[in-house]
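Work through the exercises below with the model open. Try each task before reading its solution.

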Amino acid sequence: MSFKNSHLSSVYETVLKRNANEPEFLQAVEEVLISLEPVVERRPEIEKYGIIERLVEPERLIQFRVPWVDDNGKVQVNRAYRVEFNSAIGPYKGGLRLHSTVTASVIKFLGFEQIFKNALTTLPMGGGKGGSDFDPKGKSDGEIMRFCQSFMTELYRHIGPDTDVPAGDIGVGGREIGFMFGQYKRITNTFTGVLTGKGLPFGGSLFRTEATGYGLCYYAKEMLKNLCNDSFEGKKVVISGSGNVAIYAAKKAIELGAKVIALSDSNGYIYDENGVNIDVVKQIKEVKRGRISEYADKVSCSKYFNDCSKIWTIPCDIALPCATQNELDDNAAKTLIANGVICVAEGANMPCTQAAVLEFLSNKIAFGPGKAANAGGVACSGLEMSQNSMRYSWTFEEVDEKIHNIMKNIFAEGYKASKEYGVAGNMVIGSNIAGFNKVCDAMLAQGIV
Ligand code: NDP
């Protein structure tokens, strides 16, 4: 892809040179910068004050070693990161990912996206992200605890409730956040809202578990209503992944009248033409920490297939990619379109390749980018921070209602920007511009820092 705007073109050249070995980061930056072209043309102060140059360079990137001892007494060493990308509108905020594929590039792409996502929520949160190439799969609880404690023994000095507030992401759920919180408390002798996604007895928010998946469906509902004059009622939905986001997206889609016919993990996918039984999925994934293939053993009319990427060959009306980055490419997009998909909303971060996104947009499919569609999780984390500061807690229904309103507002803001810039319904451009304008205004007000 090439830039029409010469300023953006030269900034991107520098980003390319500086980060040549970071494909995911380059992909995220290019996608955002292309959609900002009309704003840069309209607002000359952006170039004058070096807003884009500053935006694409993290304020801080920390890399550290995590030594821990496995159950056989052997010393293991993992590599970990925290990127503190942009603090213009609030303390750095973003999850921690534990997965073998974690690199500086992956963490930087996620941290960069987080800046705009957090701005879209309208809550005061800057952009950050972290994680490690530690793979929690197959590890004992003791090994997970020793890793998390060692990880926090370094990370604690870089974070704080008013500085940087990490949360969960792939491989980091309530168990891991609990171990990390315990170690932070022990080292600093403070009990603060330094992490979100905590357990309910120690400052967690009701609804955090549901927030991203439910929020995704609230956002998709707005897209269906405003862009397709339609709803979830009676629709066939395919969802990739079977982790936190996927499970609660499935639950809400079913509640909204849809039939979820497929789910996956990194090994394969299940197809259930009668509609998946979400209680069975929760039992396998949340209680047993098992594999999605076990669903086919328990539900006789369903089938399991190897190769998770083939999940997009199943004909459906709505597709919700909720597993990982670049899991849906242009061929998969073409197949979905040929099979009649009307709406695609990203539950995961950057699950669709750039070519896939172009396919959806050029075929007028309602497409919701992750930084808008999956912002319900971080919005709930923002509310958890508020509850911790107030030493107060809202009910499940109260948080659900707040997230529902935030997701409606995120859609409305992006839609408004898309119309203002002459690309009505292009939620990629609309959401990027809406998020960017807020961060840009704050950066302009704070001088060259
Ligand atoms: P989980 O760890 O709970 O689940 C991840 C799911 O994705 C698992 O089913 C996993 O399968 C699958 N998966 C992971 N890597 C791959 C891969 N390379 N290929 C195919 N499948 C894969 O994570 P979450 O549900 O929390 O996160 C999913 C996505 O949503 C991520 O992109 C995350 O950044 C994003 N997100 C999450 C938020 C949250 O609140 N949790 C908030 C906003 C975005 P397996 O078990 O086989 O690895």
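Buried means under 20% relative accessible area, exposed means over 50%, and partly exposed covers the range in between. The model is predicted.

**Exercise 1. Decide whether Y415 is buried or exposed, then describe its surroundings.**

Step 1. Take the relative accessibility of Y415, which is 19%. The cut-off for buried is under 20%. Y415 therefore counts as buried.

Step 2. Place the residue. Y415 sits in helix α17, residues 396-420.

Step 3. List the contacts, leaving aside neighbours within four places in sequence. Y415 is in contact with N226, L227, G425 and M427.

Step 4. Check a C-alpha distance. Y415 and V428 are 13 residues apart along the chain, and their C-alpha atoms are separated by 9.6 Å.

**Exercise 2. Compare the radius of gyration of the protein chain with that of a compact globule.**

Step 1. Work out the expectation. For 449 residues, a compact globule would have a radius of gyration near 22 Å.

Step 2. Read the model's value. The protein chain has 21 Å, which agrees.

Step 3. Add the box. Along the principal axes, the C-alpha atoms fill roughly 60 × 55 × 45 Å.

Step 4. Add the burial and the contacts. Of the 449 residues, 58% are buried. Among contacts between residues at least 6 apart in sequence, 72% join residues at least 24 apart.

Step 5. Count the elements. The protein chain has 18 helices and 12 strands.

**Exercise 3. Describe the surface and the charges of the protein chain.**

Step 1. Take the exposed area. The protein chain exposes about 17,700 Å². Carbon and sulfur atoms supply 49% of that area.

Step 2. Count the charges. There are 50 positive and 52 negative side chains.

Step 3. Locate the two sets. Their centres lie 3 Å apart.

**Exercise 4. Classify the aromatic pair of F25 and F85, and say which parts it ties together.**

Step 1. Start with the total. The structure holds 19 aromatic pairs.

Step 2. Set out the geometry. A pair of aromatic rings is described by the distance of the centres and the angle of the planes. For F25 and F85, the centres are 6.0 Å apart and the planes are at 40°. Stacked needs under 30 degrees and edge-to-face needs over 60, with the rest tilted. The F25 and F85 pair is tilted.

Step 3. Place the partners. F25 lies in helix α2 (residues 23-35) and F85 in strand β2 (residues 75-86), so the pair ties together parts 60 residues apart in sequence.

Step 4. Check the burial. F25 is buried, with a relative accessible area of 0%. F85 is buried as well, at 1%.

**Exercise 5. Classify the pair of F207 and Y214, then map the contacts of F207.**

Step 1. Use the geometry. The centres of F207 and Y214 are 5.6 Å apart, with 75° between the planes, and the pair is edge-to-face.

Step 2. Check the burial. Both F207 and Y214 are buried. F207 has a relative accessible area of 2%.

Step 3. Place F207. It is found in the loop between α8 (174-188) and α9.

Step 4. List the contacts, not counting residues up to four places away in sequence. F207 touches Y214, C380, F396, V399, D400 and I403.

Step 5. Look further off. F207 and I107 are 100 residues apart in sequence, and their C-alpha atoms are 26 Å apart in space.

**Exercise 6. Examine the positive phi values of T122 and N229, and give the exposure of each residue.**

Step 1. Recall the background. Most residues other than glycine have a negative phi.

Step 2. Take T122. Its phi is near 70°, a positive value. T122 is found in the loop between α6 (104-120) and β4 (126-132). With a relative accessible area of 47%, T122 is partly exposed.

Step 3. Take N229. Its phi is positive too, about 50°. N229 is found in the loop between α9 (208-228) and β6 (236-240). With a relative accessible area of 73%, N229 is exposed.

**Exercise 7. Locate A20 and decide whether it is buried or exposed.**

Step 1. Place the residue. A20 lies in the loop between α1 (6-18) and α2.

Step 2. Apply the cut-off. Exposed means over 50%. A20 is at 52% relative accessibility, so it counts as exposed.

Step 3. Check a distance. A20 and S105 are 85 residues apart in sequence and 9.9 Å apart in space, C-alpha to C-alpha.

Note on methods:
Residues numbered from 1 in each chain as written. Predicted model: local features only at pLDDT ≥ 70, side-chain atom pairs only at ≥ 80, totals over all residues. Heavy atoms only, no water. Helix = DSSP H or I, 4+ residues; strand = E, 2+ residues; numbered from the N terminus. Rg over C-alpha atoms; globule rule 2.2 N^0.38 Å. Buried < 20%, exposed > 50% of the residue type's maximum accessible area, 1.4 Å probe, protein only. Contact = heavy atoms within 4.5 Å. Areas by Shrake-Rupley, 256 points an atom, 1.4 Å probe, with all protein chains shown as cover. Lys, Arg positive; Asp, Glu negative; His and termini not counted. Charge placed at Lys NZ, Arg CZ, Asp CG, Glu CD. Phe/Tyr/Trp six-rings, centres within 6.5 Å; stacked < 30°, edge-to-face > 60°.
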